Amino acid sequence: MCGIVGYIGTEDAKEILLKGLEKLEYRGYDSAGIAVRNGEDVRVYKEKGRIAELRKMVDDSFDTTTGIGHTRWATHGVPNRENSHPHQSESGRFTLVHNGVIENYEQLREAYLTGVTFKSDTDTEIIVQLVEHFSKEGLDTEAAFVEVLKLLHGSYALGLLDTENPDVIYVAKNKSPLLVGLGDGFNVIASDAMAMLQVTDTYTELHDGEIVLITKENIEIKDLEGNVITREPYKAEIDASDIEKGTYAHYMLKEIHEQPAVMRRIIQKYQDDKGNLTIDKDIVKAAREADRVYIVACGTSYHAGLVGKEYLEKWAGIPTEVHVASEFVYNMPLLSKKPLFIFISQSGETADSRAVLVAVKELGYPALTITNVPGSTLSREADHTLILHAGPEIAVASTKAYTAQIAVLAIFAQVVAADAGVKTEIDLLPELAKVTSAITTIVDDAKLMEDIASKYLSTTRNAFFIGRTMDFYVGLEGALKLKEISYIQAEGFAGGELKHGTIALIEDGVPVIALATQESVNLSIRGNVKEVVARGALPCIISMRGLEKEGDAYVIPAVHEMLSPLVSVVTLQLISYYAALHRGADVDKPRNLAKSVTVE
Ligand code: M6R
């Protein structure tokens, strides 16, 4: 979703900002812009489309060492140049970038800005016009900025330039992510550390309700009452090579191929000196004390939660519900007496999940976040965190984070079970090792997945995924993967459910991808395949060694069937990747989507 960068120092700000915006491209955007200043001369360059287009507009000869930049994912107003950020106040004195949504912008316009001519349809422009309004009333810029912040309802990360105070970038944050990066003779702001890793790996977190005055030598953090806040910086533990594509054509392909390495890293990170699986004692205690677990997540993370529920119930014996965050927040079920909430989020910034976390904390319930991003909002605001150790995931389509989420949930459930003295049906460590080598086999077989994509998905308008029990959950994820990057309309169903309505859509040549990795339902899912074949469907069966039958499209290596989602999903990730590639789609940056969904 929207991304922000800013730089104040001694180097060429244009290049640093443009490179920073390129690193934020993965978040998803439809327009981009920068504002750079030289003394009182502020130049704004902005355009609908890719950063490459923006680059062409920028005047190379303009000498500048300060600026702010933005990638926009449209919420208020269509993607066009006028609605792109930065936005300027009527006189041109103030220039602003904003990530988030201002809910009361129409009321504020009516209350304070009736005489002002607006150039855009955005909620953001209200903020910059309001700063000018209050400064015209006699407030200095900091006071005017604070006055405006006190009026805003909603989420924001903001960077503001003022021609009359050219040596400062004014910054504020509420609910939307923003970091301040520290350098020698320069300072930066960024929506995430990856954007500015080119100049610094040292960052300071900002909390909601804080403003920061940034100069090239100093940063000053304050709350809205003017109290100065001191906070220790931290080093971002990201290897620059983690955020490069290397020899891969796309980040998604690279991230699919990284999954064996991620599995090995997770096994290592969650092992103690004696080689036993381990989880922080307080987290295990929180789970043991809970009478019910509520998993809350969105998209792919929700699908991982469905698999995790099976582990928590079958191994740890804890009743578990899985909820879509955007529904849960408006329609909370009747809660048990001692709930534990688990938020699963690759980014740790998803606004829908965060809204539930805020509500849950207000009710006083314990919360655990399972995330790939240490220090992310959901991690900071929950009582406990488990890290995925998947490394940065850049492609919008989540792949290695999904398998990491399932692996961490499996380890968590096993450790809780062991703590309770329960012997489970599975010896997890050796089984995870088998999973790792099975994933390696599949990525080595990528060419076969490409053939499957060509055979079944090169021209179709729609596709169905079916499976039973664990395979049903993987089918949901397979369908999401396929639709989000190839734009083929794809739906996942429980094998037995199709005949209750959706089978009406089956006609000649419609691909039905069936997963058959679960012994207890192998015959039933194959029966469901027969039902759709009888109506003309083109079946593509992904089965598991030991359960295969002649004609199956691909047979995954044998693993414990509770862990088969970790393996079978990799076939679906690769098939989706090649389907999208063959159809000419922008695999890493699918239309309309954002990597980090920071608005509700
Ligand atoms: O960062 P999160 O895991 O909270 O993100 C949740 C979803 O937005 C995300 O999984 C989305 O569904 C992916 N694009 C799926 O590939």
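Biologist: Which residue is the bridge partner of Tyr170 in strand 12?

Modeller: This is a predicted model. In it, strand 8 (residues 169-174) and strand 12 (residues 210-214) pair in the antiparallel sense over five bridges. The partner of Tyr170 in strand 12 is Leu213.

Biologist: Which strands stand at the edges of the open sheet, each with a single partner strand?

Modeller: The open sheet has seven strands in the order 5-6-7-8-12-13-14, with antiparallel pairing. An edge strand has a single partner, so one side of it is left without a neighbour in the sheet. The edge strands are strand 5 (87-88) and strand 14 (228-229).

Biologist: Helix 4 packs on the sheet; what angle does its direction make with that of strand 6?

Modeller: Helix 4 (residues 124-136) touches strand 5, strand 6 (94-99) and strand 7 (156-162). With the direction of strand 6, the direction of helix 4 makes about 140°.

Biologist: Are helix 16 and helix 18 roughly parallel or roughly antiparallel to each other?

Modeller: The axes of helix 16 (residues 470-486) and helix 18 (residues 564-582) come within 9 Å and cross at roughly 20°. Angles under 35 degrees count as roughly parallel. Helix 16 and helix 18 are therefore roughly parallel.

Biologist: How many residues of the contact of helix 16 with helix 18 are nonpolar?

Modeller: Helix 16 contributes residues including Val474, Leu482 and Ile485, and helix 18 contributes residues including Val569, Leu572 and Tyr577. Six residues of the contact are polar and three are charged. The number of nonpolar residues is 10.

Definitions and conventions
Residues are numbered from 1 along each chain as its sequence is written. This is a predicted model: local features need pLDDT of at least 70, side-chain atom pairs count only at pLDDT 80 or more; totals for chains, interfaces and linings use all residues. Side-chain values use heavy atoms; hydrogens and water are left out. Axes are lines fitted to C-alpha atoms, for helices over the stretch in contact, and angles run from 0 to 180 degrees between N-to-C directions. Helices (H or I, at least four residues) and strands (E, at least two) are DSSP runs, numbered from the N terminus. Angles under 35 degrees count as roughly parallel, over 145 as roughly antiparallel, 65 to 115 as roughly perpendicular and the rest as oblique. Contact means heavy atoms within 4.5 Å. Ala, Val, Leu, Ile, Met, Phe, Trp, Tyr, Cys and Pro count as nonpolar, Asp, Glu, Lys and Arg as charged, and the others, Gly among them, as polar. Two strands pair if DSSP finds at least two bridges between them.
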